[in-house]
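This briefing is intended for a reader who is new to the structure shown below. Please keep the sequence and the model in view while reading the points that follow.

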Amino acid sequence: MSVFSKIREHEQVVFCNDESTGLKAIIAIHSTRLGPALGGCRMLPYASEEEALEDVLRLSKGMTYKCAAADVDFGGGKAVIIGDPARDKTPELFRAFGQFVESLNGRFYTGTDMGTTPEDFVHGLRETNCIVGVDEVYGGSGDSSVPTAQGVIYGLQATNQALIGSDELGSKCYSIQGLGKVGFKVAERLLEEGADLYVTDINQQAIERLLSKAKILGAGVKVLSSEEIYQANADVFIPCAMGGIINDQTIEQLKVKAVVGSANNQLLELRHGQLLKEKGILFAPDYIVNSGGLIQVADELYTPNKERVLQKTKAIYNSLLHIYEYANTLGITTIEAANEFCEKRIEARSRRNSFFSHMKRPKWAVRT
Ligand SMILES: NC(=O)C1=CN([C@@H]2O[C@H](COP(=O)(O)OP(=O)(O)OC[C@H]3O[C@@H](n4cnc5c(N)ncnc54)[C@H](O)[C@@H]3O)[C@@H](O)[C@H]2O)C=CC1
Ligand SMILES: O=C(O)CCC(=O)C(=O)O
């Protein structure tokens with residue numbers, strides 16, 4: 001397939017190469033119809049450049065929908081750095097990346113994602129102001145995985161409400177894939193609520209950290225292998241690592257009643273939403289559940305306010321219940337319902353103007 005056929009849905013794709021630092025990154029801007037593109041930057045040891053391109057194209061498109069669902073005036077973008085986060089990170093690499101972000105002149109804002117941390121982006125911040133989610137001491141709004149994890153908790157509560165008519169999180173069993181920045185915080189909160197957990201992570205340190213926490217709380221955690229997690233006898237599966245994990249092979253194994261997690265692009269294909277529905281498994285559209293981080297970093301660009309972020313993150317609960325109800329009424333899948341809702345909103349808003357006209361975000365005039 002030609003490059004232009006591959007990127008036909010996207011406005012712009014930038015390949016960033018810096019030999020001296022070893023930086024190989026791709027920035028994808030899916031759409032700026034609702035405002036400048038906003039989305040985190042992943043660092044992963046992709047098996048091939050094609051795989052990295054595929055990932056950044058899918059992720060940036062997802063951000064367009066996430067921005068529409070979260071009702072923020074930004075568009076969809078994302079970046080990936082090809083490299084091993086455990087081995088290849090240097091301050092100079094992140095500065096080189098920051099220079100490329102700056103060259104886009106405000107069309108793209110970025111921050112953390114899988115494999116990157118707020119500390120990494122402090123280096124990038126020396127080259128551009130278009131970096132979000134660094135520590136408050138550097139003028140940022142802080143680690144965006146905190147509201148992301150909070151949003152997953154609201155998503156779990158809404159899903160429990162839809163399934164059993166109660167928001168209660170304890171006295172249930174959850175299976176969690178990935179105990180990184182988001183997964184660990186979700187696991188910690190569920191343990192505090194008295195829930196039982198099955199967990200998996202390819203990083204042994206992440207497992208040990210959670211086991212120490214569980215020991216302090218006297219809580220029950222069972223560690224499973226990467227393959228076993230799909231068969232766990234849990235009520236809800238919480239994917240907090242990579243995408244594409246809901247597919248033909250895994251759906252067959254799932255015993256849960258719902259899938260609610262932070263991982264971006266959980267469904268390998270749209271039809272997997274239908275397969276989940278047929279199996280009676282409720283799917284919480286990932287870009288609604290995991291929008292807490294986006295809400296925080298978007299808010300940061302209007303001068304950050306923690307209380308406002310919390311209020312907007314809480315809205316994930318009602319948004320999800322609304323999507324469940326809408327899907328039920330129309331007899332469609334929850335992902336179809338969410339996509340339809342976002343596409344209508346993008347269409348309605350773009351009728352006003354099809355371009356964004358200001359580099360700086362206007363200050364919030366109205367408190368919600
Ligand atoms: N950090 C944030 O605020 C947001 C994150 N997300 C998404 O949530 C997911 C997790 O993000 P973070 O926690 O920030 O990433 P992270 O890099 O901090 O954590 C990911 C964890 O998953 C583990 N992992 C990787 N492959 C695995 C596998 N095959 N099986 C089990 N564990 C595996 C890693 O060892 C790591 O501990 C990603 O899909 C990310 O795109 C979405 C919205 C915002
Ligand atoms: O969390 C962030 O820094 C930006 C939001 C994002 O990339 C995401 O929601 O996937």
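In this predicted model, the side chain of Thr 148 places an N or O atom 2.7 Å from an oxygen atom of ligand 1. Thr 148 is among the closest of the 23 residues that surround ligand 1, together with Asp 113, Asp 201, Ala 241 and Asn 264. The points below continue with the two ligands and then turn to the strands, a helix and three individual residues.

**Ligand 1**

- Asp 201 has a polar side-chain atom 2.7 Å from an oxygen atom of ligand 1.
- Gly 115 approaches ligand 1 through its backbone, where an N or O atom lies 2.9 Å from an oxygen atom of the ligand.

**Ligand 2**

- The surroundings of ligand 2 consist of Gly 39, Gly 40, Met 63, Lys 66, Lys 78, Thr 112, Asp 113, Ser 144, Asn 264, Gly 293 and Val 297.
- Asp 113 and Asn 264 are listed around ligand 2, and these residues also appear among the closest to ligand 1.
- Lys 66 brings a polar side-chain atom to 2.6 Å from an oxygen atom of ligand 2.
- For Ser 144, a polar side-chain atom is found 3.1 Å from an oxygen atom of ligand 2.
- Thr 112 uses its backbone, with a polar atom 3.5 Å from an oxygen atom of ligand 2.

**The six-stranded sheet**

- Six strands form an open sheet in the order E9-E8-E7-E10-E11-E12, and their pairing is parallel.
- The edges are held by E9 and strand E12 (282–283); each has a single partner strand, so one side of each lacks a neighbour in the sheet.
- Strand E8 (residues 196–200) has four buried residues out of five, and it is therefore largely enclosed by the rest of the structure.
- Strand E7 (residues 173–177) pairs with E8 in the parallel sense through five bridges, and one of the bridge pairs joins Ser 175 to Tyr 198 in E8.
- Between E7 and E8 the chain passes through helix H6 (residues 181–192), and this β-α-β crossover is right-handed.
- E8 is also joined to strand E9 (residues 221–223), which runs parallel to it, by three bridges; here Leu 197 has Val 221 in E9 as its bridge partner.
- A right-handed β-α-β unit is made by E8, helix H7 (residues 204–217) and E9.
- E7 is connected to strand E10 (residues 236–239) by four bridges in a parallel arrangement, and Ser 175 stands opposite Phe 237 in E10.

**Helix H3**

- Helix H3 (residues 91–103) comprises 13 residues and spans 19 Å from its first C-alpha to its last, which is close to the 18 Å expected at 1.5 Å a residue.
- Its buried residues are Leu 93, Phe 94, Ala 96, Phe 97, Gly 98 and Val 101.
- These buried residues pack against strands E1 (12–18), E2 (23–31), E4 (41–44), E5 (75–82) and E6 (108–109), and against helix H4 (118–124).
- Asn 105, just after H3, adopts a positive phi of about 55°.

**Gln 266, His 272 and Ala 86**

- Gln 266 is located in the loop between strand E11 (258–259) and H9, and its relative accessible area of 0% makes it buried.
- What does the side chain of Gln 266 reach at 2.9 Å? The partner at that distance is the backbone oxygen of Ala 263, while the backbone oxygen of Gly 261 is reached at 3.1 Å.
- Leaving out residues up to four places away in sequence, Gln 266 touches Pro 239, Gly 243, Gly 244, Ile 245, Ile 246, Val 259, Gly 261, Phe 283 and Asp 286.
- His 272 belongs to helix H9 (residues 271–278) and counts as buried, because its relative accessibility is 0%.
- Beyond its neighbours within four places in sequence, His 272 contacts Ile 246, Asn 247, Asp 248, Ile 251 and Leu 267.
- Is Ala 86, in the loop between E5 and H3, buried or exposed? Its relative accessibility is 75%, so Ala 86 counts as exposed.
- Ala 86 and Pro 45 are separated by 41 residues in sequence, and their C-alpha atoms are 9.7 Å apart in space.

How values were computed: Residues are numbered from 1 along each chain as its sequence is written. Chains are lettered from A and ligands numbered from 1 in the order in which they are written. This is a predicted model: local features need pLDDT of at least 70, side-chain atom pairs count only at pLDDT 80 or more; totals for chains, interfaces and linings use all residues. Side-chain values use heavy atoms; hydrogens and water are left out. Buried means under 20% relative accessible area, exposed over 50%, partly exposed in between (1.4 Å probe, protein chains only). Helices (H or I, at least four residues) and strands (E, at least two) are DSSP runs, numbered from the N terminus. Two strands pair if DSSP finds at least two bridges between them. A crossover is right-handed if, with the strands pointing away from the viewer, the path from the first strand over the helix to the second runs clockwise. The expected span of a helix is 1.5 Å times one less than its number of residues. Contact means heavy atoms within 4.5 Å. A residue is near a molecule or strand if one of its heavy atoms lies within 4 Å of it. A polar contact is a pair of N or O atoms within 3.5 Å; within protein, one must be able to donate a hydrogen and the other to accept it, and residues adjacent in sequence count only if both atoms are side-chain atoms.
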